[in-house]
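Me: I should like to work through a structure by asking questions about it. Please reason briefly in each reply and end on the value or name requested.

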Amino acid sequence: MGKFLIVEARFYDHLNNMLIAGARGALKAAGHKSETITVPGALEIPGAIALAEATGDYDGFVAIGVVIRGETYHFEIVAGESARGIMAMTMDGVAIGNGILTVEDEAQALLRADPEKKNKGGEAAQAAIALLELKERFGG
């Protein structure tokens, strides 16, 4: 049984609640424990994971957030840089499931966040579990 940290950028409460419910459900179903922390925005998620990973207290991480396209280029920066930061740590052997939704509108986010529909929070947790299993298999 592993211990996972869910790191959420809480901006859209109702969407995050669904994503976290999906992530917690998947982790619990697989026999893992979890904690949740909140950061100001999606750009802060990789940094928070890096700080937590350095403690050695967690076996894996689930990134949760919602980025909805707006009228400016900011969407591309947040979506791209948060994904880049997560991918960089994943390439270094950190087990992270990326559940940061990057969508055009709230309707797309609702469909993806809902555990009864696309359940992207649950899928992100399952990805983190899969990476942890690979890490253990390959002696990481």
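**Charged pairs, rings and one unusual residue**

Reply: To begin, the count of salt bridges in this predicted model comes to seven.

Me: Which residue forms a salt bridge with Arg-69, and where does that partner lie?

Reply: The closest N and O atoms of this salt bridge are 3.0 Å apart. The pair links distant parts of the chain, 35 residues apart, with Arg-69 in the loop between strand S3 (60–68) and helix H3 (74–91). The partner lies in the loop between strand S4 (96–103) and H4, and its name is Glu-104.

Me: Is Arg-84 buried or exposed?

Reply: Arg-84 meets Glu-81 in a salt bridge of 2.8 Å, N to O, and both residues lie in helix H3, about one turn of the helix apart. Residues over 50% relative accessible area count as exposed. Arg-84 has a relative accessible area of 52%, so its class is exposed.

Me: How many residues apart are Lys-120 and Glu-123 in helix H5?

Reply: The side chains of Lys-120 and Glu-123 meet in a salt bridge, with 3.0 Å from N to O. Lys-120 is partly exposed at 28% relative accessibility, and Glu-123 is partly exposed at 39%. The two are separated by about one helical turn, because their spacing in helix H5 is three residues.

Me: What kind of aromatic pair do Phe-11 and Tyr-12 form?

Reply: The count of aromatic pairs comes to two. In the pair of Phe-11 and Tyr-12, the rings are 4.9 Å apart, centre to centre, with 75 degrees between the planes. Planes over 60 degrees apart count as edge-to-face, so this pair is edge-to-face.

Me: What kind of pair do the rings of Tyr-58 and Phe-61 form?

Reply: Tyr-58 and Phe-61 are both buried. Their ring centres are 6.0 Å apart and their planes are at 55 degrees. That angle is neither under 30 degrees nor over 60, so the pair is tilted.

Me: Which residue has a positive phi although it is not a glycine?

Reply: Most residues other than glycine have a negative phi. The residue in question has a phi of about 50 degrees. Its place is in the loop between helix H4 (106–113) and helix H5 (120–137), and its name is Asn-119.

Definitions and conventions
Residues numbered from 1 in each chain as written. Predicted model: local features only at pLDDT ≥ 70, side-chain atom pairs only at ≥ 80, totals over all residues. Heavy atoms only, no water. Phe/Tyr/Trp six-rings, centres within 6.5 Å; stacked < 30°, edge-to-face > 60°. Buried < 20%, exposed > 50% of the residue type's maximum accessible area, 1.4 Å probe, protein only. Helix = DSSP H or I, 4+ residues; strand = E, 2+ residues; numbered from the N terminus. Salt bridge = Lys/Arg side-chain N within 4 Å of Asp/Glu carboxyl O.
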